[in-house]
Amino acid sequence: MRYLPLTAVERQDMLAKIGAASMDDLFLGIPADKRLPGLMELPAGRGEWDVERLLNGLSAQNKAAGDVPFFVGAGAYRHHIPASVDHLIQRSEFLTSYTPYQPEIAQGTLHYLFEFQTQVALLTGMEVANASMYDGSTATGEAVLMAHRLTRRARAVLSGTLHPHYRTVVETLSRMAGDDVEAMVPAIAGSSEDILAAIDADTSCVVVQSPSFYGEIIDLRPIAAKAHSVGALLIAVVSEAVSFGLVESPGALGADIVVAEGQSIGNSLNFGGPYVGLFATRQKFVRQMPGRLCGETVDADGRRSFVLTLSTREQHIRRDKATSNICTNSGLCCLAFTIHMALLGETGLKRLAHLNHAHAVRLADMLRDVKGVEVLNHSFFNEFTLRVPGDAATLVEALAQAGVLAGVPVSRLEPERPHLKDLLLVASSEMNSDDDRHRLVAAMKKVLA
Amino acid sequence: MVSLRFTKDHEYVRLDGDIATIGITDYAQKQLGDVVFVELPDVGAKLERGKQAAIVESVKAASEVYAPLTGVVVAVNEALPDTPAIVNSSPLAGGWFLKMTLAHAGEMDVLMSEADYNAYVETLG
Amino acid sequence: MNSEGRPTAPSQTTGISPARTFTANRALQQEEGLLFEIGRHDVTGVDLEEPAAFVPRLGGLERAGAIGLPGLSEPEAMRHYVRLSQKNYGIDSGLFPLGSCTMKHNPRLNEKMARLPGFADIHPLQPQSTVPGALALMEMLSHWLIEMTGMNAVALSPKAGAHGELCGMMAIKAALAARGEHERQVVLVPDSAHGTNPATAALIGFSVRSVPAGADGMVRADAVKAALDGDVAAIMLTNPNTCGLFEAEIVAIAAAVHEAGAYFYCDGANFNAIVGKARPGDLGVDAMHINLHKTFSTPHGGGGPGAGPVVLSAALAPFAPAPYLLRDGRGLRLVEDTARDGDHAPFGRLTAFHGQMGMYVRALSYMLSHGANGMKQASEDAVLNANYIRAGLSDLLTQPFGDQPCMHEVLFDDAWLKGTGLTTLDIAKALIDEGYHPMTIYFPLVAHGAMLIEPTESESKLSLDLFIATMRDLALAVRAGEKERFLSAPRLSPRRRLDETRAARQPVLRWKPRAPLPRDTD
């Protein structure tokens with residue numbers, strides 16, 4: 001086996017040194033009637049080429065985004081990733097290191113975490129950010145728990161235009177923890193919801209996504225004002241991090257906690273994971289934050305250094321009184337995020353966001369030519385909602401057969417709301433060419449004819 | 001009349017008149033290491049003997065501080081949030097945590113004397 | 001007072017000056033500024049076209065003002081991150097004996113496979129009809145996990161070990177609710193458990209009842225029985241446990257737990273010791289997470305991403321969260337809806353989308369490469385290597401539960417340091433100077449000054465011999481009273497001991513413009 005260095009002779013020598021007659025002697029701690037002879041139902045090992053052939057075969061069965069005109073979003077977005085990002089994250093010392101518990105030999109990781117935290121704080125318009133969560137949806141769940149701790153209340157109000165998966169994650173966690181959740185009925189793009197009326201003196205937090213699941217950009221200011229007036233917190237959710245380059249930051253609009261999905265910067269689609277959750281808040285709330293925090297200090301020689309800090313919030317010290325159970329987070333995805341963001345810089349991010357918006361506006365305008373199709377949004381960033389004739393899922397399936405991945409039918413995420421089945425989310429990024437857009441429009445016309 | 005008493009959990013009580021000052025002992029601060037944060041109750045909070053009264057944190061440890069007595073918090077040490085290091089440098093004086101009333105005078109009697117506490121700490125090695 | 005800390009700031013006496021250079025660089029070790037000091041706001045390393053003029057539709061919520069993000073050109077970025085990488089220790093750098101973390105070799109084939117466009121460049125919400133290969137891969141991975149563990153079903157979506165614990169405990173809560181037994185609010189957790197266990201239980205409203213370990217480091221069935229009553233929902237037990245021992249009474253413990261109407265959650269962090277040697281399903285386990293980033297070699301990446309699929313017993317399988325794989329007359333599909341459907345009563349959803357596909361590919365690539373025979377051999381070698389280290393050090397170091405065979409990791413305590421004025425931390429830091437990543441220290445809590453060493457199967461005999469010789473040299477130096485070698489360690493790493501007290505007392509968690517440098521404030 002190519003990954004195992006020991007030879008048969010060495011194993012014998014080592015057993016002799018230990019004083020064991022055979023390998024089996026080392027496993028006598030397992031009750032005799034529970035010892036396995038081996039894994040009888042599984043095949044034997046294979047060479048590299050053999051594994052490649054098998055996995056290449058599975059990969060080839062899938063329609064990759066890069067092979068077709070591609071407009072799928074709804075919380076995961078396809079953007080170009082500079083070649084240097086993937087090269088750098090595969091540096092051995094990044095890829096094969098552990099959580100930086102020994103800071104003297106983990107300054108590389110700690111240094112980029114400190115930079116990452118700063119970038120996230122700047123993007124979200126907040127004072128502090130942590131060193132990442134699993135993804136945007138779990139970060140949202142953690143934000144709600146944090147708001148409960150801070151307000152000592154246990155009722156969250158969720159906007160109806162929060163990503164339905166995020167909503168379900170929060171509902172699952174809350175139900176299990178015994179907390180209340182009020183999820184508003186979705187007010188689809190073009191209409192507004194009366195979330196202010198749902199906020200009362202028992203509310204710990206209001207969770208609002210902007211751009212919303214339906215693509216609408218929400219003015220958070222009146223919601224923040226109402227929440228603050230009753231002592232509740234505003235949690236802002238962003239599922240498309242590129243929007244930070246063009247849309248006003250949630251912090252500037254009054255958010256108390258900002259969580260976001262960071263996938264679209266530096267990370268591939270990966271069929272849903274691994275991604276990276278961003279989590280930012282106000283300085284005064286820092287002791288109730290979940291997750292790791294990296295801070296600046298000095299070493300014994302007085303040199304600037306970085307170290308994980310405020311760890312008494314965490315499970316390995318506080319155990320059942322920790323702010324979260326999270327341990328492993330999203331280190332390497334957060335490295336990909338921070339490298340891509342460093343390459344973009346202010347100039348590049350703003351231009352990228354501008355370009356995305358321009359492409360989406362162009363596509364929305366082109367889709368007006370498709371009979372029976374209506375763009376519902378008043379506002380949007382790089383994704384919007386279409387009302388289509390008939391069932392959007394059927395349309396998407398037909399378009400896929402025609403070689404276009406057109407978007408996400410809302411019914412896929414809201415199966416229990418049949419009145420939403422004619423809604424289709426369409427995203428357009430810098431990756432779409434004019435030819436892609438023409439092919440989508442042409443295919444839609446053909447399928448709907 | 002001032003009397004000083006101790007708990008097995010390394011809190012001390014300094015009773016001066018009818019007000020008790022609570023803190024952690026020198027042994028406790030040494031065990032914790034550099035104290036970096038102290039979370040104190042609100043003035044007016046009711047404390048119950050043996051239940052959590054405060055939290056003291058060093059870099060690698062967080063510890064509950066249990067109320068040695070039952071009573072009401074009348075003052076907390078405002079200096080601790082900004083300068084938690086006093087808990088290390090002066091646990092029995094400047095590093096006090098809170099002052100409280102004493103609901104049951106008898107509770108003082110079950111606490112250890114200084115000599116008993118010192119002997120107890122000796123056994124901890 | 002119920003907890004103990006340790007020195008976290010370097011003492012004044014340990015200072016030595018590094019060799020002085022003008023740049024503060026030391027040849028290949030280059031000092032590197034922060035991105036915010038070297039980047040500029042008008043520099044970008046990404047060429048993008050300027051869009052043609054158009055009317056924005058942002059609803060008046062356009063971002064006002066500068067964000068404050070610096071940019072780097074590509075050559076600057078390469079240098080910045082390469083220099084940072086050189087300040088890190090990885091498995092590829094050397095022995096990484098971090099107990100409980102299974103820092104084994106990360107095969108590069110796995111990386112190559114995960115980057116195939118049919119896996120990396122597919123969207124979780126494109127029609128399922130366009131991703132049959134992805135679903136087939138998930139089914140294949142599920143099959144391997146179920147076969148290896150002898151369980152009934154697997155929930156793939158948890159994002160890491162702790163998330164897997166949450167999944168398992170939620171399934172238990174849902175199963176109890178289905179039985180109408182809402183009064184079961186207590187979870188038994190041994191003192192030796194990972195911190196994530198009690199944290200997970202508390203997160204969803206359980207209270208934690210501690211179970212003491214016996215004098216030999218094992219949990220006794222009698223102790224569990226004594227703690228069991230009608231309030232108990234589950235026990236969370238790590239097996240092999242965090243002392244590196246296979247829980248001898250695990251079958252009796254499982255029986256007692258089931259007898260009392262509770263469930264058995266097994267923390268699978270140490271599964272690497274027993275793959276192909278024993279199956280949790282045969283031991284009475286109801287739920288166990290599997291850290292793909294430990295046992296199945298997906299890289300730790302400096303702290304993630306992980307993946308924590310949870311295998312479930314027949315009793316818990318119906319409650320697995322959405323999405324779950326279903327093969328029926330319509331073929332293979334992912335059920336994404338949380339509604340009850342036939343035998344399936346999902347407890348909800350743990351994360352958006354379908355979990356860590358990128359990690360599934362890597363783990364399956366590892367499993368296919370090893371095969372049944374290779375994985376069994378890997379576990380045997382992992383256990384052999386740990387025992388070899390034990391045999392090489394047992395005369396000089398002390399073990400809290402006596403010198404007995406261990407599984408894949410060996411636990412020492414600090415009794416051998418008593419009276420020397422040195423601590424476990426000092427030994428760990430001295431190992432850094434010798435070119436090693438330290439072992440896990442001060443965990444598990446049941447051993448005083450614990451040193452938990454897990455070499456994994458990836459080490460050659462030569463590598464183990466050198467590590468043993470190094471540890472012996474350190475132990476002899478302790479005996480010889482060479483305190484300075486330890487107290488001043490590490491001297492040769494990119495940084496020396498850090499002032500963690502300062503970091504916690506005056507937290508600086510982000511760069512700020514014109515912040516004074518540390519030297520100016522000292």
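Which helix gives the most to the lining of the largest cavity? In this predicted model, that helix is α6(A), with 4 residues. The cavity has a volume of about 150 Å³. Its lining numbers 17 residues, and those closest to the centre are A:Thr138, A:Glu142, A:Leu173, C:His163 and C:Leu166. Chain A supplies at least two lining residues from each of α6 (136-151) and α7 (164-177), and chain C does so from its own α6 (161-178). By class, 10 of the lining residues are nonpolar, 5 are polar and 2 are charged.

This is one of 10 cavities of 30 Å³ or more in the structure. Empty space of this kind is found by rolling a probe the size of a water molecule over the atoms. The second largest cavity has a volume of about 90 Å³. Its lining includes C:Cys243, C:Leu245 and C:Arg390, along with residues such as C:Gln399, C:Pro400, C:Phe401 and C:Gly402. Also in that lining are C:Gln404, C:Cys406, C:Glu409, C:Val410 and C:Leu411. The split here is 7 nonpolar, 3 polar and 2 charged residues.

Next comes the interface of the two chains. Contacts join 199 residues of chain A to 214 residues of chain C. The area buried between these chains is about 17600 Å², and carbon and sulfur atoms give 64% of that area. The interface also holds 11 salt bridges. C:Asp381 and A:Arg11 meet through their side chains in a salt bridge, with an N to O distance of 2.7 Å. Between chain A and chain C, 106 residue pairs are in polar contact, counting pairs with both residues at pLDDT 80 or more. On the side of chain A that touches chain C, helix α10 (residues 331-367) of chain A provides the largest share, 26 residues. That side of chain A consists of 96 nonpolar, 62 polar and 41 charged residues.

Both chains also contribute to the lining of an open space, the second largest pocket. About 960 Å³ of space lies in this pocket. Of the 40 residues that line the pocket, A:Ser411, A:Arg412, C:Leu334, C:Glu336 and C:Asp337 lie nearest its centre. At least two lining residues come from each of α7 and α11 (392-401) of chain A, and likewise from each of α5 (132-149) and β9 (331-335) of chain C. The most come from α7(A), with 7 residues. The helix α7 of chain A is thus named twice, since α7 (164-177) also supplies at least two residues of the lining of the largest cavity. In the pocket the lining divides into 14 nonpolar, 11 polar and 15 charged residues.

The backbone has some points to check as well. Most residues other than glycine have a negative phi, and most peptide bonds are trans. In chain A, the peptide bond from A:Ser210 to A:Pro211 is cis, with omega near -5 degrees. A:Pro211 sits in the loop between β4 (203-209) and α8 (221-229) of that chain. In chain C, the bond from C:Asn239 to C:Pro240 is cis, and omega is near -15 degrees. The loop that holds C:Pro240 runs between β4 (232-238) and α9 (250-259) of chain C. A:Ala74 is not a glycine, yet has a positive phi of about 55 degrees. This residue lies in the loop between α2 (48-60) and α3 (83-89) of chain A.

Definitions and conventions
Residues are numbered from 1 along each chain as its sequence is written. Chains are lettered from A and ligands numbered from 1 in the order in which they are written. This is a predicted model: local features need pLDDT of at least 70, side-chain atom pairs count only at pLDDT 80 or more; totals for chains, interfaces and linings use all residues. Side-chain values use heavy atoms; hydrogens and water are left out. On a 1 Å grid over the protein atoms alone, a cavity is a set of points where a 1.4 Å probe fits but cannot get out, and a pocket is an open set with protein on both sides within 12 Å along at least five of seven lines; lining residues have an atom within 4 Å of a point. Grid points are joined across faces, edges and corners, and a volume is the space filled by probe spheres set on the points. Ala, Val, Leu, Ile, Met, Phe, Trp, Tyr, Cys and Pro count as nonpolar, Asp, Glu, Lys and Arg as charged, and the others, Gly among them, as polar. Contact means heavy atoms within 4.5 Å. Buried area is the accessible area (1.4 Å probe) that two parts lose on being put together, summed over both. A salt bridge is a side-chain nitrogen of Lys or Arg within 4 Å of a carboxyl oxygen of Asp or Glu. A polar contact is a pair of N or O atoms within 3.5 Å; within protein, one must be able to donate a hydrogen and the other to accept it, and residues adjacent in sequence count only if both atoms are side-chain atoms.
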